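Subject: Handing over a structure, with notes

Dear colleague,

I am passing this structure on to you and would be glad if you could look through it before reading my notes. The sequence and the coordinates come first, and my description comes after them.

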Amino acid sequence: MFLIILLLYLGKICNVSTMYNENEWDGYSVGFLSDCPGSDKEAIITNKTLKDLTFTIQNHKGDNIFNTRRKYNYYQMKDLAQDPNLDFNKPTFVFVSGYLDTTDFYITSNIAKVYEDIGYNVLMLDTNKFTTMVYPRAVRFMRPVGKHTAEMLAELTQLGLDPKKLEIAGLSLGAQTASYIGKNYQLIVGTKISRITGLDPAGPCFRNLGPEDRIDKNDADFVDILSTNIDGLGMAAPAGHVNIYANGGEYQPGEFIWMLCTSFCSHIRAYFLWITALSYPDSFIAIQCDSVQQARNRQCYDRQPMVTNVLGLKSNRSREGIFYLNTDHKHPYYMGVKGLQKQYDFVLSQMKAMNMEKVIKM
Ligand SMILES: *[C@@H]1O[C@H](CO)[C@@H](O)[C@H](O)[C@H]1NC(C)=O
Ligand SMILES: *[C@@H]1O[C@H](CO)[C@@H](O)[C@H](O)[C@H]1NC(C)=O
């Protein structure tokens, strides 16, 4: 009798322990600051304030980059089209600055230089005037910012800019702004921009919105998304054509193993991975998954047949889907073909290595 009770008891414990990973037991992440009531209410940028919406043209030839970069506001697109550093035969890259950012800071200046070096015209959109405020209000201003920037690009299109040679990228809030630019450009010009790249597109205030209100595959001919902090500052939905979840997309390994890479660190990793992928276009190889959950769980290695795609400008546009990208914890991050094997999964192998011994004693 005692034995039966014991067996029943053990059975119950086992039942419980198999439940630990199920959503009925511990629910699922609702994400950081997912809903921002009222952030879709109207926001207006007046004709006067449009002077503060500017494109800066990248030109790194001088020693001091600030001396040689020219800035053009909303009303100066004709002048911009005449700028000696612009050649509409080349592809054009627009980088959209993010929350509290400006084109003079590191993130925009640095990516501008990289794109310039690989042969692009580079326009840096400065949204600083419209993001220097509490975040949910900045979100609200990104809709008119997107609309007016699309008007600027539409004017440039009349002056020779080819939308099929136009690529836009943004980090975080900048990625959602890029989406609004893409949506409005289509409405005005009647054709799509060639590419929009979302670097961990902002989840706060956007995560629970539909495709009309956040980044989506219909925003450009090709939309690729790199996710690095999906439940925190990024968003989880595979909203693009190619959706790459670095190390499962939730958190990134810390630069120093013993130091955790929490939300902000993981979020901006998307930018550093992308910048590096511009220089090593074949080296960030991602593995296709069946679902975002599979990517989160690092379970895509055994999927047959293995389908891969690369992060960066050489990404195969016809291989759409959800991809898992295994990376190293420090620059230059890429793992090459080694990264396709589960045994080299950086996070899995590091975690295992930390508790290799059968017994530890102190
Ligand atoms: C703002 O400018 C546009 C065109 O430049 C003009 O059509 C519109 O009437 C102006 N709005 C106001 C309120 O002045
Ligand atoms: C891109 O992917 C498609 C579909 O898998 C494939 O047929 C094609 O060969 C790929 N292109 C390149 C350049 O690898």
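What follows is an account of the sheet, the helices that pack on it, the nonpolar core and a few points of backbone geometry.

Please keep in mind while reading that this is a predicted model.

The sheet is a good place to begin. It is an open sheet of 11 strands with mixed pairing, and the strands come in the order β2-β1-β4-β3-β5-β6-β7-β8-β11-β9-β10. The edges are formed by β2, residues 70–73, and β10, residues 308–310, each of which pairs on one side only. On average, and with direction ignored, neighbouring strands of this sheet are turned by 25° against each other. As general background, the strands of a sheet are paired through hydrogen bonds of the backbone, in either a parallel or an antiparallel sense.

The end of the sheet around β9 can be described in some detail. Strand β9, residues 285–289, pairs with β11, residues 321–325, in the antiparallel sense over 3 bridges, and the pairing of β9 with β10 is likewise antiparallel and over 3 bridges. Within these pairings, Q288 has F323 of β11 as its bridge partner, I287 stands opposite Y324 in β11, and I285 stands opposite V310 in β10. Because 4 of the 5 residues of β9 are buried, this strand is largely enclosed by the rest of the structure.

Two helices that pack against the strands deserve a look. Helix α5, residues 106–117, lies across β3 (92–96), β4 (121–126) and β5 (166–171), and runs at about 165° to β4. Helix α8, residues 173–189, packs on the sheet and touches β3, β5, β6 (193–199) and β7 (220–227), with its direction making about 150° with that of β5.

Next comes the core. The largest nonpolar core holds 84 residues, and within this core I244, L273 and F323 touch the most other members. If residues up to four places away in sequence are not counted, I244 touches I225, L226, S227, A286, L311, F323 and L325. In general terms, nonpolar side chains in soluble globular proteins tend to be buried together.

Finally, a few places in the backbone may catch your eye. The peptide bond from Q304 to P305 is cis, with omega near -10°, and P305 is found in the loop between α10 (292–296) and β10. A cis peptide bond also leads from H331 to P332, with omega near 5°, and P332 lies in the loop between β11 and α11 (346–354).

Two residues that are not glycines have a positive phi. For D200, in the loop between β6 and β7, phi is about 40°; this residue counts as buried because it has 29 C-beta neighbours inside 10 Å, where 20 or more are required. For N247, in the loop between β8 (242–246) and α9 (263–279), phi is about 50°, and N247 also counts as buried, with 27 C-beta neighbours inside 10 Å.

With kind regards

Technical notes
Residues are numbered from 1 along each chain as its sequence is written. Chains are lettered from A and ligands numbered from 1 in the order in which they are written. This is a predicted model: local features need pLDDT of at least 70, side-chain atom pairs count only at pLDDT 80 or more; totals for chains, interfaces and linings use all residues. Two strands pair if DSSP finds at least two bridges between them. Axes are lines fitted to C-alpha atoms, for helices over the stretch in contact, and angles run from 0 to 180 degrees between N-to-C directions. Two residues are in contact if their C-beta atoms, placed from the backbone, lie within 7 Å. A nonpolar core is a set of buried Ala, Val, Leu, Ile, Met, Phe, Trp, Tyr and Cys residues joined through C-beta atoms within 7 Å. A residue is buried if 20 or more other C-beta atoms lie within 10 Å of its own, exposed if 12 or fewer, and partly exposed in between; C-beta atoms are placed from the backbone.
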